[in-house]
Amino acid sequence: MSWSPDPAFEPGSWAIKDLSLCQVRLQDDARYPWLILLPRVPYAVELTDLGAHDRARLMEEIVIASQAVRNLGELLDRPVDKLNIATLGNITAQLHIHVIGRRRDDGAWPAPVWGVGTPDAYGADRLPELTAALDGWLV
């Protein structure tokens with residue numbers, strides 16, 4: 001069985017790096033420092049679809065991604081006040097975890113970010129810098 005990301009992730013995010021369990025993607029929305037973790041486990045939809053070892057590894061990778069989101073917020077001059085970590089999957093069932101840096105002055109605060117406003121794409125000129133920085137932080 002091979003794993004690949006659901007095609008729904010392709011238009012709105014960028015693959016940054018593979019950690020030991022997850023593919024890490026940058027959500028293409030500069031309003032929020034936002035990473036998505038996709039465990040590379042075929043057919044995984046729920047956390048309960050992971051074995052105990054993979055669940056523990058996922059938690060460690062969430063912690064790594066959380067620090068990277070905080071660092072990204074600093075780089076973007078948008079320091080993070082609060083982390084939102086979520087596994088919803090109502091639209092895209094493939095197991096994925098959102099790690100989103102929030103600020104009290106962001107356009108959606110204190111509500112969830114989904115469906116609020118229009119995404120602000122980073123632009124191709126910014127991606128090499130962000131990719132290199134994230135690659136260094138995601139260790």
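This is a short walk through the structure, from its overall build to a few chosen side chains.

The model is predicted. Start with the fold as a whole. The chain has two helices and five strands. Read from the N terminus, the elements run β-β-β-α-β-β-α. Three strands therefore come before helix 1, in the order β-β-β-α. Strand 1 covers residues 13-18, strand 3 covers 34-39 and helix 1 covers 52-75. Strand 2 takes in residues 22-27. Further along, strand 4 spans 82-86, strand 5 spans 97-102 and helix 2 spans 127-137.

Next, the overall dimensions. Along its principal axes, the C-alpha trace spans about 40 × 30 × 25 Å. The radius of gyration is 14 Å. A compact globule of 139 residues would have a value near 14 Å, so the chain agrees with that expectation. Buried residues account for 43% of the 139 residues. The accessible surface comes to about 7,300 Å². Carbon and sulfur atoms hold 54% of that surface.

How does the chain meet itself? Take the contacts between residues at least 6 apart in sequence. Of these, 57% join residues at least 24 apart. The side chains below give some individual cases.

Begin with R25, which lies in strand 2. Is R25 buried or exposed? Its relative accessibility is 2%, and the cut-off for buried is under 20%, so R25 counts as buried. The side chain of R25 has polar partners. One is the side chain of S13, in a polar contact of 2.7 Å. Another is the side chain of Q23, at 2.9 Å. R25 also has contacts beyond its neighbours within four places in sequence. Among them are P5, F9 and E10. The list also includes S13, W14, A15 and I16. Further on in the sequence, R25 touches W34, L35, I36 and L38.

W34 leads on to the aromatic rings. The count of aromatic pairs comes to two. In one pair, the rings of Y32 and W34 have their centres 6.1 Å apart. Why is this pair called edge-to-face? The planes of the two rings stand at 75°, and planes over 60 degrees apart count as edge-to-face. W34 also pairs with W114. Here the centres lie 6.0 Å apart, the planes meet at 80°, and the pair is again edge-to-face. W34 sits in strand 3, while W114 sits in the loop between strand 5 and helix 2. The pair therefore ties together parts that are 80 residues apart in sequence. Y32, W34 and W114 form one aromatic cluster.

The members of this cluster can be placed by their accessibility. Y32 is buried, with a relative accessible area of 2%. W34 is buried at 5%. W114 is partly exposed, with a relative accessible area of 39%.

Now turn to the charged side chains. Side chains of opposite charge can pair when their charged atoms come close. How many salt bridges does the structure hold? There are ten salt bridges. One of them joins D18 and R40, with 3.9 Å from N to O. This pair links distant parts of the chain. D18 belongs to strand 1, and R40 belongs to the loop between strand 3 and helix 1. They are 22 residues apart. D18 is partly exposed at 45% relative accessible area. R40 is partly exposed too, at 27%.

Another salt bridge joins D105 and R78, whose closest N and O atoms are 3.5 Å apart. It also links distant parts of the chain. D105 lies in the loop between strand 5 and helix 2. R78 lies in the loop between helix 1 and strand 4. The two residues are 27 residues apart. D105 is partly exposed at 49% relative accessibility, and R78 is partly exposed at 24%.

D105 has a further partner. The side chains of R103 and D105 meet in a salt bridge of 2.8 Å, N to O. R103 counts as buried, at 18% relative accessibility. Which residues do these shared partners join? R78, R103 and D105 form one network of salt bridges.

How values were computed
Residues numbered from 1 in each chain as written. Predicted model: local features only at pLDDT ≥ 70, side-chain atom pairs only at ≥ 80, totals over all residues. Heavy atoms only, no water. Salt bridge = Lys/Arg side-chain N within 4 Å of Asp/Glu carboxyl O. Helix = DSSP H or I, 4+ residues; strand = E, 2+ residues; numbered from the N terminus. Buried < 20%, exposed > 50% of the residue type's maximum accessible area, 1.4 Å probe, protein only. Phe/Tyr/Trp six-rings, centres within 6.5 Å; stacked < 30°, edge-to-face > 60°. Rg over C-alpha atoms; globule rule 2.2 N^0.38 Å. Contact = heavy atoms within 4.5 Å. Areas by Shrake-Rupley, 256 points an atom, 1.4 Å probe, with all protein chains shown as cover. Polar contact = N/O pair within 3.5 Å; in protein donor to acceptor, adjacent residues only side chain to side chain.
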